[in-house]
Amino acid sequence: LLNDGGLLRDVDTVEELSDILVLDGSRLLDAGSGLRDGLDVVSVDDDLVLLGGGHDSGDTIGEGHATDDLLSEEGSTHHLRTRIWFFPTRSISISPMVNQKKKGEQGAAVNFVSRKKALKKLQLSLNDFRRLCILKGVYPHEPNNRKKVQNGSSERKILYLLKDVKFLAQEPIINQFRNYKVFLRKLNHAKAKREAEKFTKIIDNKPEYQLDRIVKERYPTFSSAIRELDDALCLLFVFSRFPRTRQLDTNLINECQRLTAEFMHYCIDARAVTNTFVSIKGIYYQAEILGEKVTWLVAHDRGLPVVKQVDWAVLSTFAEFYVAMLSFVNFRLYQSAGLVYPPQIVSGEQSVTVEGGEDAEDEEIKEKIYSLAKPLMKKAGVEVDNDDNMDNFDAVEAEEEMQRKMNEKKALKVLFSGSTFWLNRESPKESLAFLIRSCGGRVGWDGAPVDIKEVSDAITYQIVDRPMKSTNIGRLYVQPQWVYDCVNARRRLQTSMYAPGASLPPHLSPFHAERAGDYVPVERLEELRAQGKDITNYITVDQVVAAEKKPKKPKAEKKKAEGLAVTPGQMHKVNQQRIINLQGEANKMREMMIPKKQQRLYQKLKKGLKRNRNEGTALAKKRARIEEAKSTSME
């Protein structure tokens, strides 16, 4: 029934329902009458339902007779005798139903999931979930609108993308985590029962998993792995400096030492080092490997205390993945350079490798390989492509710039060629040997696996970091900073400024690019001037000193001439201050034309430029005060 309120009574139905086609609505209503009530005509057997109009009076109940005019021409000729009941009803508008989703069932609300729900879905503990996310490269995400994601709550929850959680659910390594938990449970049970034989058997069957598949999945191409080497090298070099304690796995530390030494050997053989910088944190290196710039930090070689505020489980998981990654990278790099992998050194006529047991002889071989003082063995009959020819460019300026860079690169590769260095015991041996050999030089020290002695006449430079009692006139004595500055400058600097006991020049970072308005030291200005670059836009000490000590011109007193007098004419002078004022007004007019949406960005840019200019001026003033203090102390 479409309308409520209908009452069912005796109805005589039509005999043949198949003959009924369309109801004819003519002559049912008067054109001038108003439609007040609806009519429901229902058969007892649900055979026929008729909808009709009502009379003018909607408050009475009456009987009516319908003829065969209601039927089509092909309909039956039998009279339709029905008893029709009229009731007052309401008109109801029926609209198609639309599937309306409730709040929180679409959009950003279903794209994120909290960490608690992710743990419940994956059936993992918090430590295993963290470990899995680190290995697979899945990290939390910050939504644009936290309230929409959390159903109106602004609580700070750790959120992950739902697609990432579904991706983690497909990882087979989850089963290995569960097997390891079962292994620990069995191990503790055997230990509590004091079953030594069973305990040993369980240890021998310890479950292990490989990360090779995950490394290939995260880095499908070799170039993508090279681009991600920065963080891996920084962490592995840190682990290689750690002492052997119960907090860390000794095998993991040994692997980090081995892989970092192999990587440094490749950089030496490929002459890939381009920049270096010594800071308080450590020594920064930058190398160009297969067209990609790789930068990493190596901590200073000193004893490290035991730190308890660090989550070593998280760091160990990162190191575990990076060890597997760097193993692949080193193998490919050694193959491309024609080196034997694992690395081997030549001792006399026999080649020795790092593989072996843990006896004293193997430890000595490892020290020789890790020392970076001797070249590694190469494969016979392998040609390595070291072609540094420049591509052809249409633009002359681009071609000249590329030619300049290629010349600097070639000069750096042979910077120390033909020179032999001797390192005193107080100097950083690993860092200096790495840089000197990367630039074509030879290096030796007490205990190094090379045939170089301190009294040898072949030594041209001796690196010292303390005053010398006796010197050899046949060699030059310099401080360690000279090597680092020479690498950054791409040429051998004067040794007089780096003599033992001398006041060293400032050690400048090659990773900082000078911009207009920055403070540039005098030493850096000389290098830029030697390279033919414009240095007029930089802040110097001379400019600051000249601005502070600019004398004021005394005002000339005008004398009034007595009687008739002739004054000499003056040339017209351009008012510079007026020009500056006009330029300032024009700039203000241009600033007013900036749209409001970009006004804030423009103001931030202006503040940043002003802050940089003030910092440069402050550094220049500081340098001026230091120079003035030195000059007064000398007097």
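So, secondary structure: this protein comes to 19 helices and 13 strands. Please keep in mind as we go that this is a predicted model. Of the 635 residues in the protein, 33% are buried. As for contacts, if we take those between residues at least 6 apart in sequence, 61% of them join residues at least 24 apart.

Let's start with a sheet. Look for β10, β11, β12 and β13: these four strands form an open sheet, in the order β11-β10-β12-β13, and the pairing is parallel. At the edges sit β11, residues 442–444, and β13, residues 476–478, each of which pairs on one side only. From one strand to the next, the twist averages 25°.

Now zoom in on one pair there. Strand β10 covers residues 420–423 and strand β12 covers residues 461–463, and the two are joined in the parallel sense over three bridges. If you want a landmark, find Trp-422, which stands opposite Gln-462 in β12. And what lies across these strands? Helix α14, residues 429–438, lies across β10, β11 and β12. Relative to β10, helix α14 runs at about 175°.

Let's move on to a pair of helices, α1 and α2. Two packed helices are described by the angle between their axes and the distance between the axes. Here, helix α1 (residues 115–122) packs on helix α2 (residues 126–136) at an angle of about 95°, and the axes are 10 Å apart. An angle from 65 to 115 degrees counts as roughly perpendicular, so α1 is roughly perpendicular to α2.

Which residues make that contact? From α1 we have Arg-115, Ala-118, Leu-119 and Leu-122, and they meet Leu-126, Phe-129 and Arg-130 in α2. Sorted by character, the residues of this contact divide into five nonpolar, two charged and no polar.

Let's stay with α2 for a moment. Its buried residues are Asp-128, Phe-129, Leu-132, Cys-133, Ile-134, Leu-135 and Lys-136. Notice that Phe-129 is on this list and also takes part in the contact with α1. What do the buried residues of α2 pack against? Their partners are α1, strand β4 (159–161), and helices α4 (162–169), α5 (173–193), α7 (212–218) and α11 (312–337).

Is Arg-131, also in α2, buried, exposed or partly exposed? Its relative accessibility is 24%, so Arg-131 counts as partly exposed. Leaving aside neighbours within four places in sequence, Arg-131 is in contact with Phe-177, Tyr-209, Thr-317 and Glu-320. Take Phe-177 from that list: along the chain it is 46 residues from Arg-131, while the C-alpha atoms of the two are separated by 9.6 Å. Then, just after α2, you come to Gly-137, with a positive phi of about 75°.

That brings me to backbone geometry. Most residues other than glycine have a negative phi, and most peptide bonds are trans. With that in mind, here are three places to look at.

The first stop is Arg-194, in the loop between α5 and α6 (196–204). Phi of Arg-194 is near 60°, so a positive value in a residue that is not glycine. Arg-194 has 77% relative accessibility and therefore counts as exposed.

Next, go to the loop between β6 (282–289) and β7 (292–299), where you will find Leu-290. Leu-290 is another residue other than glycine with a positive phi, near 55°. Because its relative accessibility is 55%, Leu-290 counts as exposed.

And then there is Pro-342, in the loop between α11 and β8 (344–347). The peptide bond from Tyr-341 to Pro-342 is cis, with omega near 0°.

I'd like to end with one asparagine. Asn-488 is found in helix α15, residues 481–489. The relative accessibility of Asn-488 is 18%, and buried means under 20%, so this residue counts as buried. What does the side chain of Asn-488 reach at 2.9 Å? The answer is the backbone oxygen of Thr-276. Not counting residues up to four places away in sequence, Asn-488 touches Asn-275, Thr-276, His-507, Leu-508 and Pro-510. Thr-276, then, appears both as a residue touched by Asn-488 and as the owner of that backbone oxygen.

That's my tour, thanks everyone!

Terms used:
Residues are numbered from 1 along each chain as its sequence is written. This is a predicted model: local features need pLDDT of at least 70, side-chain atom pairs count only at pLDDT 80 or more; totals for chains, interfaces and linings use all residues. Side-chain values use heavy atoms; hydrogens and water are left out. Two strands pair if DSSP finds at least two bridges between them. Axes are lines fitted to C-alpha atoms, for helices over the stretch in contact, and angles run from 0 to 180 degrees between N-to-C directions. Contact means heavy atoms within 4.5 Å. Angles under 35 degrees count as roughly parallel, over 145 as roughly antiparallel, 65 to 115 as roughly perpendicular and the rest as oblique. Ala, Val, Leu, Ile, Met, Phe, Trp, Tyr, Cys and Pro count as nonpolar, Asp, Glu, Lys and Arg as charged, and the others, Gly among them, as polar. Buried means under 20% relative accessible area, exposed over 50%, partly exposed in between (1.4 Å probe, protein chains only). A polar contact is a pair of N or O atoms within 3.5 Å; within protein, one must be able to donate a hydrogen and the other to accept it, and residues adjacent in sequence count only if both atoms are side-chain atoms.
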